[in-house]
Amino acid sequence: MTAEILKVRDLSILLPEGADRTYAVSAANLELKKGETLCLVGESGSGKSVLSQAIMGMLPPQLTVESGDIRFEGDLLPPQRSKLYQKLRSRKIAMIFQDAAASLDPIRRVGHQLEEILLVHGVERASERRDRTMALLRSVRLPDPERIYRSYPHQISGGQAQRVVIAEALALGPDVLIADEPTTALDVTTQAKVLQLIVELCSANHTAVLFVTHDIGVVSEIADTVAVMCDGVIVEVGSRNEVLETPTHSYTRKLLAAVPKPENISNAHSQNSPILRVKNLSRTYAIKTGLFTSRPLTAVQNVSFSLHRGETLGIVGESGSGKSTLARCVLRLEDPDIGTISFNDEDITTVTGAALRSVRSDLQVVLQDPFSALNPRQTVGNAIAEGPLIHGASREEAAGKVSDLLKKVGLPEQAAKRFPHEFSGGQRQRICIARALAVQPKVLIADEAVSALDVSIQTQILDLFRELQAAMGFAMIFITHDLVVAASICDNVLVMRNGNMVEYGTANAIFTRPKETYSQELIAAIPGGIPRNPPTDTNATELR
């Protein structure tokens, strides 16, 4: 048997008075062995991050340990927030946090932040700190380590920032690495590279990994053991195959059932007429390089597509591929440099004033972050009614639409009188959908609308989109970097890279027989693959 390195025994952590439950973590038992990767799985609020913080001695003051203990190599860990943890953190136990950008000091160069860890832990010679820092940057396979060393966090990409955070965590060769949702916000290809990097580095150093995630695909890729948490309780623990293939707890089965499984990926061409046509669209920005100098950055180049009534078009690609810029041009929030946008066979590329306001009532958007999309000082009812009122509806008509739409998105009528902070993330996204549909748009653009949601809530929102689309008949542009989601909801797919249109076709053609190398790479990078056995259709044809 592999030696046990970390043990959590009967740990209970109290929540403050007035919380929605008594315990953040309740009677938790967990064992981590040397060299093992244990995935801790559950939805937001299940207690995963609180348990991780307790192991690191970083519990917030308002949370208190009521009972139980945590042992490292057989010895009790110090009390929470004790200075004794300074000898353990980085050297024995290290942590990768979810938001890499927030983990880095924005006003200090990357190299200096890495060197500080070495200095605090006794590496006094500046030349040695620099040499070890450069070696760390190379070990996490960052391009041009010299440039990264000199860069500030805002000058590197999200994937590069995550690699820097991994280098920080592994700088002193810890025995245990806690990774708290380190790939949630990353593109599928970057995610695959970061996962592979963590696995390889930890394997080389025989580091045990506690990997906190809600992504079942990631679990299927890297886990040796899986522990499932629900409402602060660890409800199931077992090997990867046991938990994923023969789960015993109802909550685990619910999580697995919620994973999008596109059993029959769409292969049908819409017989309806196009409602939106984009032809040869390009958008270039001027990026300042100095006080009087700039350089061009082409965000979208020569993109063309058609969107038919009742159809869902998926636009997929990595960050920086031009997806959101393309959406802003379609919404006429930005003016394209070249190309045309036709809505209902009318050119809307250059319309302004009242004509533009009329078009915008037919083109609506649901944004990625429901928390920042809603005014915290405005009731939900007023937020939904605002659109109809702007476009000429009476207050009685607007109130009727609010009541009807809340019912359609699965919220009670009383929700209209409440404020956004009184709702969960999934409920807020439902409110954003209701607000977008309040003006009865012909086209709805969902820009990463489910990427920040737990898998079960994500499934609810996807089902809601399908139901509302079937009932109301709007066409949808679904922007995402989650290819499993795209495969489950989209009729047609447009693949973008560096502002260019790489491939465009039916979802079945793209996901089962991609022609372009980049499309093949994206699909190969999906953690766990696409969870389905799609029917093969040899008669599928590409869209033109």
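**Architecture and selected contacts of the predicted chain**

Both F465 and F478 are buried. In this predicted model, a search of the whole structure returns one aromatic pair. That pair is formed by F465 and F478 in an edge-to-face arrangement. The ring centres lie 6.1 Å apart, and the planes meet at 90 degrees. The two residues link distant parts of the chain. F465 belongs to helix α17 (residues 455-472), whereas F478 belongs to strand β18 (residues 475-480). Their separation along the chain is 13 residues.

The loop between α17 and β18 holds F474. F474 has a relative accessible area of 2%, so this residue counts as buried, the limit being under 20%. Beyond its neighbours within four places in sequence, F474 contacts G310, L437, P441, K442, L444, F465, L468 and Q469. One member of the aromatic pair, F465, is thus among the contacts of F474. The C-alpha atoms of F474 and V443 are separated by 5.5 Å, although the residues stand 31 apart along the chain.

P441 and K442 also appear in the surroundings of D362. D362 sits in the loop between α12 (353-360) and β16 (363-366). Its relative accessibility is 15%, and D362 therefore counts as buried. Apart from neighbours within four places in sequence, the contacts of D362 are F343, Q440, P441, K442 and V443.

F343 leads to a set of paired strands. In β14, F343 is the bridge partner of L276. Strand β14 (residues 338-343) pairs with β11 in the antiparallel sense, over five bridges. β11 (residues 274-288) is also joined to strand β12 (residues 294-308). Here 11 bridges connect the two strands, which run antiparallel. R283 has V300 in β12 as its bridge partner. A hairpin of five residues carries the chain from β11 to β12.

At the chain scale, the model contains 20 helices and 20 strands. The radius of gyration is 25 Å, close to the 24 Å that the globule rule gives for 544 residues, so the chain is as compact as a globular protein of that length. The C-alpha atoms fill a box of roughly 70 × 55 × 50 Å along the principal axes. Buried residues make up 53% of the 544 residues. Among contacts with a separation of 6 or more, 69% are between residues 24 or more positions apart.

An open sheet of four strands has the order β2-β1-β4-β5, with antiparallel pairing. β2 (23-33) and β5 (75-76) stand at the edges. Each has a single partner strand, so one side of each is left without a neighbour in the sheet. Strand β1 (residues 4-14) is joined to β2 by seven bridges, and the two run antiparallel. Within this pairing, E4 stands opposite K33 in β2. Helix α1 (residues 48-55) packs on the sheet and touches β1, β2 and β4 (64-72). The direction of α1 makes about 120 degrees with that of β1.

The loop between β5 and β6 contains K87. With 66% relative accessibility, against a limit of over 50%, K87 counts as exposed. K87 and L114 are 27 residues apart in sequence, and their C-alpha atoms are 17 Å apart in space.

Strand β6 (residues 93-96) follows a parallel pairing pattern. Four bridges join β6 to strand β7 (residues 176-180), and the two run parallel. I96 has A179 in β7 as its bridge partner. In a regular strand the side chains alternate between the two faces of the sheet. In β6, I93 and M95 point one way, and A94 and I96 point the other way. All four residues are buried.

Two arginines place their charged ends over aromatic rings. The charged end of R130 sits over the ring of Y149, 4.3 Å from the ring centre. The charged end of R418 sits over the ring of F423, and the distance to that ring centre is 4.2 Å.

Methods. Residues numbered from 1 in each chain as written. Predicted model: local features only at pLDDT ≥ 70, side-chain atom pairs only at ≥ 80, totals over all residues. Heavy atoms only, no water. Pairing = 2+ DSSP bridges. Contact = heavy atoms within 4.5 Å. Axes fitted to C-alpha atoms, helices over the stretch in contact; angles between N-to-C directions. Buried < 20%, exposed > 50% of the residue type's maximum accessible area, 1.4 Å probe, protein only. Phe/Tyr/Trp six-rings, centres within 6.5 Å; stacked < 30°, edge-to-face > 60°. Lys NZ or Arg CZ within 6 Å of the ring centre and 35° of its normal. Rg over C-alpha atoms; globule rule 2.2 N^0.38 Å.
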